[in-house]
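Subject: Structure for you to look at, with notes on what was found

Dear colleague,

I am passing on the structure below, and I would be grateful if you could read it alongside the notes that follow.

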Amino acid sequence: MNALKNETPAALVGKPLPHESAHLHVSGRATFVDDMAELAGTLHAAVGMAECAHGRIRRLDLDAVRAAPGVVAVMTAADIPGANNGGPILPDDPLLADGVVQFFGQALFVVAAETHDAARRAARRARVDYEPLPAILTLEQAIDAESWVLPPADLARGDVEAALAGAAHRAHGETRLGGQEHFYLEGQISYALPREDDSVHVWCSTQHPTEMQHLVAHALGWRAHQVSVECRRMGGGFGGKETQSAQWACLAALLATRTGRPVKMRLDRDDDMALTGKRHPFRLRWEAGFDDDGRLAGVKFELASDCGFSADLSGPVNDRAIGHVDNAYYLDAVAVRNLRCKTHTASNTAFRGFGGPQGLMAIEAVIDDVARRLGRDPLDVRRVNFYDPDPAAGRDRTPYRMQVEDNILPALVAELEVSSRYRERRAAIAEFNANSPILKKGIALTPVKFGISFNAVQYNQAGALVHVYSDGTVLLSHGGNEMGQGLHTKVRQVVADAFGLPLADIRLASTDTTRVPNTSATAASSGTDLNGKAAQAAALTVRGRLAEWLAGELGVAPQDVVFERGRVRAPGYDAGFSEVAARAYMARIQLWSDGFYRTPKIHYDPVTRLGRPFFYFAYGAAVSEVALDTLTGETRLLAVDILHDVGRSLNPAIDIGQIEGGFIQGMGWLTTEEVWRRPDGNRAGELMSHAPSTYKIPAVHDVPPVFRVALFDNANVEDSIYRSKAVGEPPLMLALSVFFAIRDAAASALGPGSLPALAAPATPESVLRALGGA
Amino acid sequence: MTRNQIQFYFRGAVRTLTVSSPTRTVLQYLREDIGAVGTKEGCGEGDCGACTVVIGERVGDRLELAAVNACIRFLPSLDGKALFTVEDLAAGGVLHPVQQAMVDCHGSQCGFCTPGFVMSLWAMYENHPHCPSQEAMQDTLSGNLCRCTGYRPIMDAARAAYASPRVELQRGPIAAALEALRELPVLEGREGDARYAAPRTLADLLERRARAPQARLVAGATDVGLWVTKQLRDPGEVIFVGGVAELRTVSNDGAWLEIGAAVPLERAFEELALLHPAWDGLRRRFASGPVRNAGTLGGNVANGSPIGDSMPPLIAAGATVVLASVGGERELALEDFYLAYQRTALAPDEILCRVRIPLPSPEAGRHFAIYKVSKRFDQDISAVCAGFGLTVTDGTIRTARLGFGGMAAVPRRAASAEAALIGAPFCAASFEAAAAAVAADFTPLSDVRASADYRLTVAANLLRRFWLEIGTALPVSIEALEATP
């Protein structure tokens, strides 16, 4: 049996195969939740939203809502039979405001009506009076008021004060980072169907069906086995449908069980953007001591995050920020102070990178400033601070005490430095800038080291269910969710190879809590690592049973039974897989199996924040070149070179898609995407960047005219699925190179030694301000 | 004689449909009424492109195809036209070349925006028998947002579609089917309180306007559409003007270019670009292809938004507007058309009939530029939009028209800055003086797009940029820069 447990030869794994649903996507036949044929009697839900940022509800008059045409049911907090909570960790996230409004737009009540339009119209007919309470809308106000969703956190190593005091140079700085709207193209949606004997089924666009199941059960005052949650695919998630799909799943289920009718809750785009949280804005402050080469002796950080009104995932997001302030660099003496600020805004949440990007920005801001103060190329300062691949150097332990064992970054950066012609281009850019007073160019190379695994150790498990039917076709279920990242495509390749079958013989089932229970969120880039292994285990179990049974029949050893190209072969035997499956069924061989996987080696103490939280690291680096107009602050990304580590790629086309898409999304966060709320007046706190008309994610012209992306030739040192590496989040942080290239261009405009105070997003206005205008 | 049923070509035949509400959208019809769910709703405001469909219209004896946003397109405007959605493309189950190219190039990830991209690509493929330039392809896709791919594979697919054997729509039978619809009576109806009509002649329109001055005139509905989908407003009585023949004409008599109020923006910009290439630069950045195909120049001008992008350069070009009523026509300088925030000089019984732009005289020394500053290059609302027109003879600035948008409650000229230029020598110092003066002309707002300070600084700097561009050889456009090799 040992031979059977080894990985199978890769016939389909490693190939640049199309997305498993691509043919459906392009023809409009891929079914999203809103595309399902509506069941008879379906009602449509809409929420009534608060129009103050912080206030006590004095009067909530819903008579006109109830009287509106088509309205069937209206619910407030008082009507919720179970827990009025959508919070995943702390119960501080009401589904419907209960007495107090905590952000502008918060859901006050929910209405079900005969049509989507009738529900929306009715929801606007409420009469609400508020007793205004003081609203905290900015990070500064929150810090001054010591307004926290969770207590401040610290992580330290070494004597940082002594290191700072003893350093040849000492400097400090501050960088501000904005939030980011997920802008999944498919907005939040849930469709709940009441079923017999107090049960409900919910089709939900979610990254976390199991959590939806539990929160729906809690809201109804039920137990988990009364609720099932299903998702075939999402039209994008990016973290925004990890916890924050819960409110809509719960409200749909509450209305469905109350009315006894199916209820669809689909948020209008503007409402979605106002109601749901975003990437956490941060204020980063630091103080560093360093030598003449820029080598850091000690760094103190203060990472202040805007969590919005509730805890949501802010604890783990901030933990990951703390865990990524090192990025690629060895920090001998380091102290991190992390503030988890409460403001009266929508509750900020998971977003691709999950605090990692903000942590990386902190250290990269330090490095960029140190280089500019010393008059050195930032790449040289980066390099002297890299973790040392040689353990003997004693510079390979992260601040949380994990050893960096597979440090390929120095080699990767060296390769990119040459392939991108970084040095030659920097010289040419300096010459261009010397002769161009109005337009300036800038260039930057930034690295990424990103830890792979959930910090919360228990989430690093996955299950799968593989059915081989008696005609030899395979139905594959696993606990991960497809949101466009290609998870299903990759897992299908793995299972196809396990059976030696063509892809067409493997069909994906929707992710459903009735098929695979106790799933983890499809998040932390871990979907393929976890579910690929679980599905492979399930498939190999079935294959093992087939091999053993056939070996017995044929009088050969089980390891002599080979599954390839749709055939099953053994010495003197050659049959189609379907024929073998049919015969095995007749012989009463179990043709289906579960599979389970838990990530080895990892441990983490959430109190001390020390341990080995990550199975391995994913690496990458990018070079960006930008142009900047000093008259307006407008910028243009001219060229990008990326070299990224995905281990042994399961599917290079999908991996490159993740790299490019992640990069462009990160670029949006740092350039055009500005979350903007009214700062004052009686509608203070109202989100004004509430739709794609006012919130600008990258469009086609923003793609750099030169965009070279390559995969670094590498195999995961850890026993991951086919030695691949996770790819969902790490490439987003390659976009830091865009921000620092803009800063480089701005520094050229301001002159040698300048330290442009550039805030993200680097909108034209932000850039012009850094240049001293506006 | 009138009728209250629309007729349009869809899925291989002419369909007849009773209009339940004049503001029911094409997207609602597709998704909710007939369960054609391939077309998606991403934003409900024409900004993401997930709902992109293609409209076919008979022009002469040809069928012309244009991508539009179904989410803000009102059903009555389909009358007499053809509608194509993503479900129409794969004939007999075989993917169309643009669909196959999207699969082969890995152009979809989550797949939700994909049908919209496919329809934009299909319109491009049909309208361009040969693969267009990179710029034209980007232009085609500027109204489609994708949050997953980063667009590179979609651009690859746009090219790759041309490498397969060509598959073309058979337009002849469709054009013939639409021909039969041309003689139908005027569409007019009433559904509850909602009265609507779609006159075909100016005379009919003006009479209806005189009878119903409260009626809402709707052309492309790229703004009114949002009143319905976002503000849930009931526009009351609606007169659709898109079918009025006189408003769809363009003429050029050698002295003036005249653009009918219901001429789509795309066509209007093409005509304006013949006067000066700066208009093509603005065209590229004005909303998106689908919005420019639906929205009209008259709609942009008459709507009078302080952030409408056509007006500052039209003002700079010396454009006028012709207003018409049953009593006759009158002509106003465009800058005099705007009285206050969203208030114009239109009398209750008047409509905006056409926009007139003087042709530039061929003499040397005439300078014209359009600048748009926004957070994003594609499809964004301006923080500041400026149109500058100048004549210079013998080294002296003779005339100056400086139109600004985003700086005041209406699109407006910068009087102090113009005064600083007129009669001044054509040199940097004069433009510095104008830049200093422009602060006195405007008291802009701070909002989601930019702060007041930024707007004032940029307004002044755009005057500096204008000088650098016309008076020096310095490069001033980042768009013209290339990557360092």
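Which helix supplies the largest share of the lining of the largest cavity? It is α16(A), with 3 residues; helices (H or I, at least four residues) and strands (E, at least two) are DSSP runs numbered from the N terminus.

Before the details, please note that this is a predicted model, in which local features need pLDDT of at least 70 and side-chain atom pairs count only at pLDDT 80 or more, while totals for chains, interfaces and linings use all residues. Residues are numbered from 1 along each chain as its sequence is written, chains are lettered from A and ligands numbered from 1 in the order in which they are written, and side-chain values use heavy atoms, with hydrogens and water left out.

Cavities

A cavity here is a set of points on a 1 Å grid over the protein atoms alone where a 1.4 Å probe fits but cannot get out, and its lining residues have an atom within 4 Å of a point; grid points are joined across faces, edges and corners, and a volume is the space filled by probe spheres set on the points. The search of the whole structure finds 14 cavities of 30 Å³ or more, and the largest has a volume of about 430 Å³. Its lining comprises 35 residues, with A:Met483, A:Gln485, A:Ser525, A:Gln658 and A:Gly728 lying nearest the centre, and at least two lining residues come from each of α15 (487-499), α16 (527-554) and α18 (652-670) of chain A.

The second largest cavity has a volume of about 180 Å³. It is lined by 19 residues, of which A:Asp93, A:Pro94, A:Gln244, A:Gln247 and A:Leu275 are the closest to its centre.

Sheet

In chain A, 4 strands form an open sheet of mixed pairing in the order β16-β27-β28-β29, where two strands pair if DSSP finds at least two bridges between them. β16 (439-452) and β29 (706-711) of chain A are the edge strands, each pairing on one side only. β16(A) pairs with β27 (residues 616-629) of chain A in the antiparallel sense over 14 bridges, and A:Lys441 stands opposite A:Ala627 in β27(A).

Interface

The contact (heavy atoms within 4.5 Å) takes 90 residues from chain A and 80 residues from chain B. Between them, chain A and chain B bury about 7,000 Å², 59% of it on carbon and sulfur atoms, buried area being the accessible area (1.4 Å probe) that two parts lose on being put together, summed over both.

With best wishes

Definitions and conventions
1 Å grid on protein atoms, 1.4 Å probe; cavity = no way out; pocket = protein on both sides within 12 Å on 5 of 7 lines; lining within 4 Å.
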